[in-house]
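Me: I've got a model open and a few "how do you know" questions. Can you take me through the reasoning?

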Amino acid sequence: MTGPGAAPLLTAEDLHKRFGGVQAVGGLSFTLPPATVLAVIGPNGAGKSTLLNLLSGVHRADAGRLSFAGTELAALPAHRRARLGLARTFQKIRLFRHLSVLENVLAGFYTQHRIPTWQYLLHGPAFHADRRRCRQAAAELLAFVGLLARAATPAGALAYGEQRLLEIARALATQPRLLLLDEPAAGLNGAETEALRVRLTALRGRGLAMILVEHDMDLVTRIADQVLVMHYGQKLFAGTPAAMREDAGVIAAYLGGELA
Amino acid sequence: MSDVPSPVAAASLPAAECRPGWPGRAGAAATLGIVAILPLVLRDSYGRGLLIAGALNVIQALGLDLILGFAGQLDLGAAAFYGIGAYVSTLLVMLAGVGFWPALALGTLAAGVMGGVLALLTVRLRGHYLAIASLGFAVITYQVLLNWISLTQGPLGLYGITPPAGFTDPVRLFYLIAACAVLVFAALRALLASPVGATLAALREDEISAASLGIDCRRWKAFAFAVGSAVAGLAGGLYPGFAGTLVPDAFAPADSFGVLAMVIVGGIGTLRGPVLGAVVLTLAPELLRGIGDARMIVYGLALTLVVLFMPGGLDGAWRMAAARLRRNQAG
């Protein structure tokens, strides 16, 4: 879709993040071309979730530069980054548990309402048109993740795998240019992981860029265009999944260790 | 979206979101009818005073529930904003010669601005910490009213305050305040049925998640505090004309807990709840007058029992009873 010469969607340069005495991310640099799926793998504690938190703005980097589609991100709070088109899901699911499935997705349309201010108090034609538009789009997103029939259910009452999919639908409601997924397959059974893979493949087919932190190597090799292997907060390897399997450093530090 | 199975109709979604505590047309008409008739039934000045106090409490409880129930911010400063509305509007009339209506609007605005400022100053605080900070604000406000004697006359208070022209008759004053309560209710209902309702719910449920959707939590906390406090200020501006006098003790920090009790007993996070709670808790101590000194004990016991056995408050209990009735009729 996009040639290798195209400007990268995301550029990270020399990112650092320290928590107390722990250097969670120490001097990490990488670029993400447009319409690319990057899988970030590495042992527990390698700094993968911290990296996603630095990208989405949950944490601020201690040092380093971060630019997304030509905008410098480092100083921006999380909600401003979301408006630029960065959406995310969470490793520990953070749905609005007491709201219905539909309300969770509708909350994701926050940046897209087109209602004159006075119509918030006196609902006029523009208000109702906006409501119809958002409900239609929410219905399509819920159909995409297979939760349309559960629209009225409280999010907290969904099965674990369904909650993971609902988080993706909620993130997609923001119409992201880059979707960050923090261990989307964690805790899922085989069928649920397959349901997830089908959706991620569809999103990839639409050209949505994604950064995926994941332990499930089968999912990674089937979805990812690029792999970033992290080790103690640093880059151990960056390249294609096929090249990763041949890389001596990766085999020694991670894949080999897992097989042993 | 090409890979969506078959054309998806929004019609397959649950019909209009049916929110708890949202009254239907019949309920609204019946409530308005009762409000219209009440002052004709209660003809003595004691009864009419009770009606006005009840209507003021309804407005205050609605304002607090926006902050507490809908935005999830533990605000214990309600009495301060009620007092700011009362003193600002009254002093504007008495000292600056401003007319009642513009003074009422400015008192409401002042309370709203102070609410927004308090929210921005305490933006990093949540839960118990926010509760203590807002209670502290109520203590400071009370001390200012008490000790800025050149402006407020301190504990001696301001005397001879009259209701606005045309509303000196208590029945008309009640209709005025009740109309304000209905307007506040309608405005909050429209606002919360708009995307603002979902935004505040997201803020209440999970701030990190909300921010990941583009929601500026600071801004919406300030919004909820400003609007909720402005509503309290509106009630405050309507109060002095009814009381005739204005003393700081009418806005003691502990009074915040009275409003809090109305919201919780009625049903937090609903619109019907605070109305029910305000009416019941205004009437209860008066109805218990017959038992003398024991009445506050009974009142306190009743509060405890409601919180223990009706987690959704009176509104929640009402809805459960209605659902059971429907099931029985169907079955």
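Me: How do you know that the length of helix H2 in chain B agrees with what its 26 residues should span?
Reply: Keep in mind that this is a predicted model. At 1.5 Å a residue, the 26 residues of H2(B), residues 45-70, should span 38 Å. The end C-alpha atoms are 36 Å apart, so the two agree.

Me: What makes H2(B) kinked, and where is the kink centred?
Reply: The bend is the angle between axes fitted to the seven residues ending at a residue and the seven starting there. For H2(B) that gives a kink of about 35°, centred on Leu64(B). Just after the helix, Gly72(B) takes a positive phi of about 70°.

Me: Why is H2(B) called mostly covered?
Reply: Buried means under 20% relative accessible area, and 23 of the 26 residues in H2(B) are buried, so the label fits. Across chain B, buried residues make up 50% of the 331 residues.

Me: How do you know what kind of elements chain B has?
Reply: Count them: chain B has 14 helices and zero strands. From the N terminus on, every element in the run is α.

Me: How do you know that the radius of gyration of chain B agrees with a compact globule?
Reply: A compact globule with 331 residues would have a radius of gyration near 20 Å, and chain B has 21 Å, so that agrees. Its C-alpha atoms fill a box of roughly 75 × 45 × 40 Å along the principal axes.

Me: And what supplies the exposed area of chain B?
Reply: Carbon and sulfur atoms supply 70% of the roughly 15,300 Å² that chain B exposes.

Key. Residues are numbered from 1 along each chain as its sequence is written. Chains are lettered from A and ligands numbered from 1 in the order in which they are written. This is a predicted model: local features need pLDDT of at least 70, side-chain atom pairs count only at pLDDT 80 or more; totals for chains, interfaces and linings use all residues. Side-chain values use heavy atoms; hydrogens and water are left out. Helices (H or I, at least four residues) and strands (E, at least two) are DSSP runs, numbered from the N terminus. The expected span of a helix is 1.5 Å times one less than its number of residues. Buried means under 20% relative accessible area, exposed over 50%, partly exposed in between (1.4 Å probe, protein chains only). The radius of gyration is taken over C-alpha atoms; the globule rule is 2.2 Å times the number of residues to the power 0.38. Accessible areas come from the Shrake-Rupley method with a 1.4 Å probe; for residues, only the protein chains shown count as cover.
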